[in-house]
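Reader: I would like a careful, close look at a single part of this model, with each term explained as you go, and then a word on a few other parts.

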Amino acid sequence: MIIKINGIPCECEKGEFILQIARRNGIDIPTLCHHDAFAGQGSCRLCIVELVAGGRSRIVVSCVYPVDRECEIFTENERVRRQRGMILRLLEARAPESTEIRALCDKYGAPRFERFVRVDGEKCVMCGLCVKACAELSVGAISTVNRGVTKEIATPYHEPSSVCIGCGSCAHVCPTGAIEMSETRDSRRIWGKTFRLVRCSRCGAVIGTEEELAMAAERAGQEQDGLCNTCRQERIAEVFAQSYGV
Amino acid sequence: MKTIRVCCDTGCLASGSMKVAEEFERLSAGSGVRVECHVKRTGCNGFCEKGPLVTILPDDISYYQVKPSDVPEILEKTIGKGEAVERLLYRNDKGERVLRQQDNPFYAPQLKIALRNVGRIDPENVDDYLEEGGYQALKKALGMTPGEILDEMDVSGLRGRGGAGFPTGRKWRTAAGYDVFPKYVVCNGDEGDPGAFMDRSILEGDPHSVIEGMAICALAIGAEEGFLYIRDEYSLAVENFRAAIRVAEERGFIGDSVMGSGKKLHLSVVRGGGAFVCGESTALMQSIEGKVGEPRAKYIRSVQRGLWDHPTVLNNVETFANVPYIIMHGAAGYAAIGTEGSKGTKVFTLVGKVRRTGLVEVPMGVTLRQLIYDIGGGVQNGRPFKAVQTGGPSGGCIPESMMDLPVDFDTLKEYGAMMGSGGMIVMDDRSCMVEVARYYVDFLCGESCGKCTPCREGLKQMLAILEDICHGRGTMEDLDLLESLGETMKDSSLCALGQSAPNPVLTTLKYFRNEYEAHILEHRCPAGVCKELTSFYVDPDKCRGCSACVRACPVGAASGEPRSPHKIDPDKCISCGSCREACRFDAVLTKGKAVRKMKAGAGENSSGNGARDAAPGDGGFERGTAAVSNERGTAAGNENSTESGNGIGKAGFDAAMAEGRDGK
């Protein structure tokens, strides 16, 4: 099937998401809440595009819109720019501390609205990626709390989570660096809880928190070797070399 | 044998109908009554304002606002002798007492289909429902093929009564077309629009009709399991519905073999936690699954992948209540009622500043004027009509000039409002349209799920702007910004809640722009509602010196000698409006308040956002108003000089602000 994005014919499969097709064809669409590892959420709305099909035109979010018939898509027309600019400025007012959002505003020429109320010191744009990462990769220690304009990401009752393993997946996927994670030589602090770090028994590089490794062992059903990825590869290579007498 | 129907719906219960019913039961069981009678506790009769309602059959005499102390007289006269108790009858607009419900102007134009049994039967007694032809439609549907049921639904033209108006037949047919099992039937009883209670009345008053509708749907699409999602605040509805499911299973109407057909259908109640957004179909399904109630993009529809990713038909309570009627009486007859695009009837809740408030069901296509004036009796206290808010937070405010529009799914939408689920809030000249818009945006700020940016952040900014306008800190550029925000929210929000959230703002901007302008340019709230912009005074020519205002004033600002014109001390007045409410001669009038002069240079918009976040009194009110007030201050008719500036000290302003905050 062929669809047109900004006039460029793009080959695609039925059911593929517009964002996927656009990126494969080198067409730029900005995103915040999208991560290739997870299913699309459609929450930040930054990836909006205009879809024209069957004589009807509307704004859709490209990350979760599955193409089901021939259509024309515009990622940079006036309507998209106007809406995206407004969304960016709304995000900027929400997270004025985020350099990423400011850069996006500049890149996409978002008009300024001095009028907007700003949330001092905020970096989080409530995209929800951290919650998704924690639920799918880790233990589901954080979630969205409240609803409406008071919605936020937090641990239950804002207390240090009893189940958090300190893996830092949330901080890693956050597009605006809003989740605070700090490390000393022996410990990592995140979500108000301190974890002891375990280091590679060969090279001494950090391989995770104690809780994280315990979970990995449990999931794998066997004790872990206490090595970092590099050292593990090296050791396998050594075993390999020995057995073949290389 | 006479029947005494006592309305025991939430509305009438609140007016004490349970005591009335108990008194009837107690006294009629005694030996004093010569004629045999039995007392029936029914659901809502609609005219909740005049509850508790009592109807005597077969005489067809309806009594209103009945107290337990009236019971002996009713028993003696009406049950014993067949005579009416005059003082308990409804007095129509001509002042005549009317016996029958049909002669009451509130009921006369109504046509009850969805509400056909509500208020007539005892919801706890399934035999009562059976007597009215209950479960006959299900029996008939069992003799039909799924295709025949779907054809009937198509012909009927029934559209979803929850507000969106999607054709029910088409929805069912799509779900029926998928060969993925299990399939689910879901009934949306998460009614949340302020001022709407039609679904509650059906769930409380006629739960079996909803069960029967869901069962027919299950037959048509091939579902064996169904859920009814009711908001937990509707405790009586939850109770009645659960009881109804139990009885229906015991009697074999549903369960392991639907009316002996061998087909299964199990229904259960899921209680909603009170989130408005869970009325949105995909959020509702998330909630049933035990997840956070957030909508998802509907690019793949629920009929294909709904509950637990299986084909799911979700309809509103009122939609399901219509289904048995359509199957029983034929789709063609149903389709003959209503308009070209909107068939059948619609239940509306008529509330606000209307003389007769309550629940009404009328054919689609009646005009707003018929609804508000013929049935509702016009605006309370003879005040001028200003607007009617339809469709809850997703709807809009419709002005007088559009009163002759027919109410159906499509017409109001063309004008930026919507029929929605059927809430109608009537407003008079003392309703401030800016404040109304602010109220709905404030409501949605708390009730948006907060998932997507345009809705969550857009509402937050809208609220800040509207609050500023209500406090006299708005600018004309704010109106353009509200429109831009509205456009983005409409176009780019994730679900229908966000897409329709700007409607209250956009419609008031469209039809009542002059009110916004009065707030901004003249620092005056034309309706006299926004405290910061309203001061009250007495028109000495109209004042009769009755002292009603003096008694009503909570702070002793109103004073005067009896029978001579009174006065309101502006320094003491807190602009609560109690005096105006109390005055029967319209002698209390409003005007703009003196605008406080700001610090130099504040009018240049230089304060930006910093000032906006600052504490009240620290300059947060500065923005743009000083320059405007210099030009317009006199036009607003302010007595106090706009130049008084620091004359009203910071402390005074803080106090005024605190007042405003408390009032919210």
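Author: What follows takes one glycine as its centre and then turns to a helix and a hairpin. The model is predicted, so local features need pLDDT of at least 70 and side-chain atom pairs count only at pLDDT 80 or more, while totals for chains, interfaces and linings use all residues. Residues are numbered from 1 along each chain as its sequence is written, and chains are lettered from A and ligands numbered from 1 in the order in which they are written.

G208(A) belongs to strand 11 of chain A, residues 206–209; strands (E, at least two residues) and helices (H or I, at least four) are DSSP runs numbered from the N terminus. G208(A) is buried because 22 other C-beta atoms lie within 10 Å, where buried means 20 or more such atoms, exposed 12 or fewer, and partly exposed in between, with C-beta atoms placed from the backbone. Leaving out residues up to four places away in sequence, G208(A) touches C167(A), V198(A) and L213(A), contact being C-beta atoms, placed from the backbone, within 7 Å. Of these, V198(A) is 10 residues away along the chain, with 5.6 Å between its C-alpha atom and that of G208(A).

Helix 7 of chain A (residues 229–244), by contrast, lies largely in the open, because the number buried among its 16 residues is zero. Helix 7 is followed by G245(A), whose phi is positive, near 60°.

A positive phi, near 50°, also occurs at N6(A), in the hairpin of strand 1 and strand 2 of chain A, which has two residues between the strands. These two strands run antiparallel and are joined by four bridges, pairing requiring at least two DSSP bridges, and I2(A) has E11(A) as its bridge partner in strand 2.

Terms used
Two residues are in contact if their C-beta atoms, placed from the backbone, lie within 7 Å.
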